[in-house]
Amino acid sequence: MESTEFDIIAEGVTKSFGNIQALYGIDLGVRKGEFLTVFGPNGAGKTTLIKLLATLAKPTSGRLIVANHDIKKEPNRVRGLIGVISHEPYLYGNLSALENIRFFASLYGVSQAEEKAVDLIKRVGLESRMHDLVRTFSRGMQQRLAVARAIIHEPKILLLDEPYTGLDQHGGRIFGDLLRWLKSQNRTIIMTTHSLTEGLGISDKVAILDNGKIIYESDADGVEIARFKEIYFEIIKA
Amino acid sequence: MKKIWAIVWKDIIIELRTKELFSSMFVFALLIILIFSFTFGFSVEFIPVAAPGILWVAFTFAGVLGLSRSFAIEKEWNSILGLLISPIDRSYIFLGKMIGNMIFVFIVEAIILQIFVLFFNYNLFVNLPSLLLVILLGTVGFVSVGTLFSAMAVNTKLREVLLPVLLFPIIVPVIVSSVKLIGVILSGKPIAKAGSSLQILILFDIIFLVICTVIFEYVIEE
C-alpha cells in the first residue's frame with residue numbers, strides 16, 4: 001500500500017492480552033478523506049483496533065502506520081494528528097463545557113484556544129450551556145461536547161468507537177448531522193459500531209470484524225442495507 | 001511546562017468545586033490529632049518526643065486518602081484516556097498530577113500544624129524554616145511514590161486497600177527520617193544532630209522522583 005495515498009495502514013496487526021488473542025493479522029488501508037465503518041458484534045475486537053490506532057495500546061506484532069507515522073515509534077506524532085470519540089466522553093464532569101475544551105486545547109498546544117473553543121462549542125450547539133458543569137449535561141450533549149474535544153486541534157484523522165452508544169433517537173440524529181459535517185471536511189474517519197443502519201449510510205467503505213479478523217471489506221456505494229444485513233448475520237453466525 | 005500547569009489547574013478547579021480531597025483529608029487528620037491529644041492529655045513532657053510521630057501519622061494517613069482520590073477522578077468518566085490520547089509526554093501527566101497532589105497535601109499539612117498547636121498547646125514553630133524544609137522534603141518523597149501507586153491502584157477493585165499496602169513499606173525511610181529530623185528540630189538542636197537522616201531524605205526524593213516519573217508511562221498504559 002502506498003503511504004501517500006493512505007492515512008491508515010495496518011499490516012498483519014495482532015494484539016493479545018495474556019492468553020487472549022484479540023486481533024489476528026489485521027490488514028487494512030484507509031485512503032485520505034475516506035470514511036470506513038467497521039462493524040462487528042460485541043467482543044469482535046473493534047475497541048481493541050481503535051485503541052491501537054489511538055496509541056492507547058501497542059500491537060503485539062505487525063505494523064500500524066497512521067499519517068505516515070509508525071505508532072510504535074512515534075506515538076506522540078500520531079496523537080497530535082488524531083481525534084478520538086468514544087462511547088465515553090473523556091471529559092471532566094466538574095469542569096464547565098468551556099473549561100473542558102480549553103483544558104484539552106492547552107494539552108494540544110492550540111493557539112487562540114479560547115476563541116476556537118467558543119467557536120466549536122457554538123458549532124456543536126451548546127452555546128447556551130457553555131459555562132455549565134458537564135455533569136449536568138444529557139448524554140447527547142456530552143457526546144456533542146466530546147466532538148468539540150476531539151477536533152479542537154483540527155486533526156486530519158478521526159477515530160470513533162461506538163459513538164452512538166447510549167444516545168436516544170434525537171441525540172443520535174444530532175450526532176449523525178455532526179458526523180456528516182466532519183466528513184464534509186475531508187477528514188479520514190474510522191468508526192466502529194454494531195449498528196448497521198447508522199454506519200452504512202455515511203460510509204465510503206465498510207468492513208466486518210469478527211473474532212479478531214477482518215472477514216469482509218467492501219465499498220459502501222451500492223450496498224443495500226437489507227443485503228448487507230444478510231451478509232453480516234451470515235458472517236457472525238458462522 | 002504549560003501542559004503540566006494545565007493539569008495542575010484542572011485538578012485545583014475540580015477540587016475547589018467538589019472539596020472531596022480536602023474534606024476527607026481534613027476530617028481524618030483532625031480525628032488523628034484529637035485521638036492523640038486524648039491519649040497524651042496535656043503531659044507536656046511527652047509532647048516533644050511524641051509530636052514528630054503524631055504529625056507524620058496525621059500527614060501520611062490523611063495524605064493517603066487524598067492520593068487514592070487523585071486518579072479516581074480521572075476514572076469517573078474515563079477522562080484519563082483523554083489525557084493519554086493527547087500528544088504530551090506521560091511524564092508531564094505524572095508531574096502535573098504529582099504537583100497537584102503536593103499542593104493539596106501541603107495545605108492539609110499546614111492546617112494539621114495549626115490544629116496540633118491548638119490541641120497540644122505546644123509551640124512547633126521554634127525553628128520554622130527547618131521544620132518547613134523537612135516537611136517539604138518528606139512530602140515530596142511521600143507524594144511522588146503515592147501518585148505513582150495511586151495510578152497503579154486505580155484500575156483495581158481494592159484500590160483504597162491496595163494503595164496504603166503498597167505505599168507504606170516503600171516510604172518507611174521517608175517517615176523514619178522525617179520523624180527523626182522533626183524530633184531534633186523540636187528539641188532545639190541543629191539539624192545536623194539527626195545524623196544522616198537529611199541525606200537519606202534528599203536521596204530518597206531524588207531517586208524516587210526520577211524513578212516514578214520514568215516508570216509512570218509503563219504503569220498507566222494497557
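## Chain B: helices end to end

Read from one end of the sequence to the other, chain B goes α-α-α-α-α-α-α-α-α-α. Its radius of gyration is 18 Å, close to the 17 Å that the globule rule gives for 222 residues, so chain B is as compact as a globular protein of that length. Keep in mind that this is a predicted model. The tally for chain B is 10 helices and 0 strands.

Along the principal axes, the C-alpha atoms of chain B fill a box of roughly 55 × 35 × 30 Å. Of the 222 residues in chain B, 47% are buried. Take the contacts in chain B with a separation of 6 or more: 82% of them come from residues 24 or more positions apart.

For a single spot in this chain, try Leu203(B), which sits in helix H10 (residues 197-220) of chain B. Is Leu203(B) buried, exposed or partly exposed? It has 14 C-beta neighbours inside 10 Å, and a residue needs 20 or more to be buried, so Leu203(B) counts as partly exposed. Leu203(B) also pairs up in space with a residue from elsewhere in the chain: Gly141(B) is 62 residues apart from it in sequence, yet the two are 9.4 Å apart, C-alpha to C-alpha.

## Chain A: an open sheet and a parallel pair

Over in chain A, 4 strands make an open sheet, ordered E2-E1-E4-E5, with antiparallel pairing. The edges belong to strand E2 (20-31) and strand E5 (69-70) of chain A, each of which pairs on one side only. Strand E4 (residues 61-66) of chain A meets E5(A) through 2 bridges, again in the antiparallel sense. Within that pairing, Ile65(A) has Asp70(A) of E5(A) as its bridge partner.

Chain A has a parallel pairing to look at as well: strand E6 (residues 82-85) and strand E7 (residues 157-161) of chain A are joined by 4 bridges. Opposite Ile82(A) you'll find Ile157(A) in E7(A). Both faces of E6(A) are covered, with Ile82(A) and Val84(A) buried on one side and Gly83(A) and Ile85(A) buried on the other.

## Helix H1 and the core

How many residues of helix H1 (residues 46-53) of chain A are buried? The count is 8 of the 8, so H1(A) is largely enclosed by the rest of the structure. The buried set isn't just greasy side chains, by the way: Lys46(A), Thr47(A), Thr48(A) and Lys51(A) are among its members, as are Leu49(A), Ile50(A), Leu52(A) and Leu53(A).

Leu53(A) turns up again in the largest nonpolar core, a set of 145 residues. Those with the most contacts inside this core are Ile8(A), Leu53(A), Val66(A), Ile101(A), Leu159(A) and Ile190(A). The element that gives the most to the core is helix H6 (residues 90-120) of chain B, with 12 residues. As a rule, nonpolar side chains in soluble globular proteins tend to be buried together. Setting aside neighbours within four places in sequence, Leu53(A) is in contact with Ile8(A), Leu64(A), Val66(A), Leu159(A) and Ile190(A).

## Two positive phi values

Most residues other than glycine have a negative phi. Thr55(A) isn't a glycine, but its phi is positive, at about 65 degrees. Thr55(A) follows H1(A) and lies in the loop between H1 and E4 of chain A. Why does Thr55(A) count as buried? Because it has 24 C-beta neighbours inside 10 Å, and the cut-off for buried is 20 or more.

Asn211(A) is another non-glycine with a positive phi, this one about 50 degrees. Asn211(A) lies in the loop between strand E9 (205-210) and strand E10 (213-219) of chain A. With 17 other C-beta atoms within 10 Å, Asn211(A) is partly exposed.

## Where the chains touch

The contact between the chains takes 23 residues from chain A and 20 residues from chain B. On the chain A side, the elements giving two or more residues are helix H2 (75-81) and helix H3 (97-107). H3(A) supplies the largest share of that side, 5 residues. Sorted by class, the side of chain A that touches chain B has 13 nonpolar, 6 polar and 4 charged residues.

Methods: Residues are numbered from 1 along each chain as its sequence is written. Chains are lettered from A and ligands numbered from 1 in the order in which they are written. This is a predicted model: local features need pLDDT of at least 70, side-chain atom pairs count only at pLDDT 80 or more; totals for chains, interfaces and linings use all residues. Two residues are in contact if their C-beta atoms, placed from the backbone, lie within 7 Å. Ala, Val, Leu, Ile, Met, Phe, Trp, Tyr, Cys and Pro count as nonpolar, Asp, Glu, Lys and Arg as charged, and the others, Gly among them, as polar. Two strands pair if DSSP finds at least two bridges between them. A residue is buried if 20 or more other C-beta atoms lie within 10 Å of its own, exposed if 12 or fewer, and partly exposed in between; C-beta atoms are placed from the backbone. A nonpolar core is a set of buried Ala, Val, Leu, Ile, Met, Phe, Trp, Tyr and Cys residues joined through C-beta atoms within 7 Å. The radius of gyration is taken over C-alpha atoms; the globule rule is 2.2 Å times the number of residues to the power 0.38.
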